[in-house]
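Take a look at the structure below. This report walks through it piece by piece.

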Amino acid sequence: MDFVLLNGSNGACVAVEVDGRDHFTEDGRSYSEAHLERVEVLRRAGWEIVHVPYYRWWRNGWLSDRNDPHFQKAVCQLFAELRICLSLG
């Protein structure tokens, strides 16, 4: 886990996993078996996990620096997932 967010109002928490290159197979888009196994262990332990794949943020430079529409979509998806996991509606 890279970091954990806690909703102090209701106690809900979510692990945020920033998935770097070592989490993926050679193609850079499919998760490695080792990564999938680790995620399953965390889920069995009761963790909610939100994944942030590096390629949605970095492609020969930070996508946020270019006002890239794919980056903007990734940010909106991230916030939507966090709202659901933290029960923020």
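## A buried acid and its partner

E17 is buried in this predicted model. Its relative accessibility is 4%. The cut-off for "buried" is under 20%, so E17 qualifies.

What does E17 pair with? It forms a salt bridge with R38. The closest N and O atoms of the two residues are 2.5 Å apart. The cut-off for a salt bridge is 4 Å, so this pair counts. By that rule, the structure holds one salt bridge.

The two partners come from distant parts of the chain. E17 lies in strand β2, which covers residues 13–19. R38 lies in helix α1, which covers residues 33–44. They are 21 residues apart. Is R38 buried or partly exposed? R38 is partly exposed, with a relative accessible area of 32%.

## The chain as a whole

The chain has 89 residues, and 36% of them are buried. It contains two helices and three strands. Starting at the N terminus, the order of elements is β-β-α-β-α.

The C-alpha trace spans about 40 × 30 × 15 Å along its principal axes. Now consider contacts between residues at least 6 apart in sequence. Of these, 48% join residues at least 24 apart.

## Helix α1

Helix α1 has twelve residues. From its first C-alpha to its last it reaches 17 Å. That is close to the 16 Å expected at 1.5 Å a residue. Just after the helix comes G46, which takes a positive phi of about 100°.

Which residues of α1 are buried? They are H35, V39 and L42. Viewed down the helix axis, the buried residues fall within an arc of 60°, so they line one face. Strands β2 and β3 are among the parts that cover them. The face turned away from the buried side carries E33, A34 and R44, which are exposed.

## Two buried residues of α1

H35 is in helix α1. Its relative accessible area is 3%, so it is buried. Leaving out residues up to four places away in sequence, H35 touches E17, D19, H23 and H51. So E17, the salt-bridge partner of R38, is also in contact with H35.

L42 is also in helix α1. It counts as buried at 15% relative accessibility. With residues up to four places away set aside, L42 touches M1, W47 and I49. E26 is another matter: its C-alpha is separated from that of L42 by 24 Å. Those two residues are 16 apart along the chain.

## The nonpolar core

In soluble globular proteins, nonpolar side chains tend to be buried together. How many residues make up the largest nonpolar core here? There are nine: A12, V14, V16, V50, V52, L78, L82, C85 and L86.

Three elements each supply at least two of these residues. They are β2, β3 (49–53) and α2 (69–85). Helix α2 gives the most, with three residues.

V16 is one of the core residues. Beyond residues up to four places away in sequence, V16 touches M1, D2, F3, L5, V50, V52 and L82. Among these, V50, V52 and L82 also belong to the core.

## The aromatic pair

How many aromatic pairs does the structure hold? A search of the whole structure finds one. It joins F24 and Y31. Their ring centres are 4.8 Å apart and their planes meet at 20°, so the pair is stacked.

The two rings belong to residues with unlike surroundings: F24 is buried, with a relative accessible area of 7%, whereas Y31 is partly exposed at 26%.

## A tryptophan in a loop

Where is W57? W57 is found in the loop between β3 and α2. It is partly exposed, with a relative accessible area of 22%.

Leaving aside neighbours within four places in sequence, W57 is in contact with V52, W62, L63, F71, V75 and L78. Two of these contacts, V52 and L78, are members of the largest nonpolar core. The C-alpha atoms of W57 and D68 are separated by 9.5 Å. These residues are eleven apart along the chain.

Definitions and conventions:
Residues are numbered from 1 along each chain as its sequence is written. This is a predicted model: local features need pLDDT of at least 70, side-chain atom pairs count only at pLDDT 80 or more; totals for chains, interfaces and linings use all residues. Side-chain values use heavy atoms; hydrogens and water are left out. A salt bridge is a side-chain nitrogen of Lys or Arg within 4 Å of a carboxyl oxygen of Asp or Glu. Helices (H or I, at least four residues) and strands (E, at least two) are DSSP runs, numbered from the N terminus. Buried means under 20% relative accessible area, exposed over 50%, partly exposed in between (1.4 Å probe, protein chains only). A nonpolar core is a set of buried Ala, Val, Leu, Ile, Met, Phe, Trp, Tyr and Cys residues joined through side-chain atoms within 4.5 Å. Contact means heavy atoms within 4.5 Å. Rings of Phe, Tyr and Trp (its six-membered ring) pair if their centres lie within 6.5 Å; planes under 30 degrees apart count as stacked, over 60 as edge-to-face and the rest as tilted. The expected span of a helix is 1.5 Å times one less than its number of residues. The arc is that of the directions from the helix axis to the C-beta atoms.
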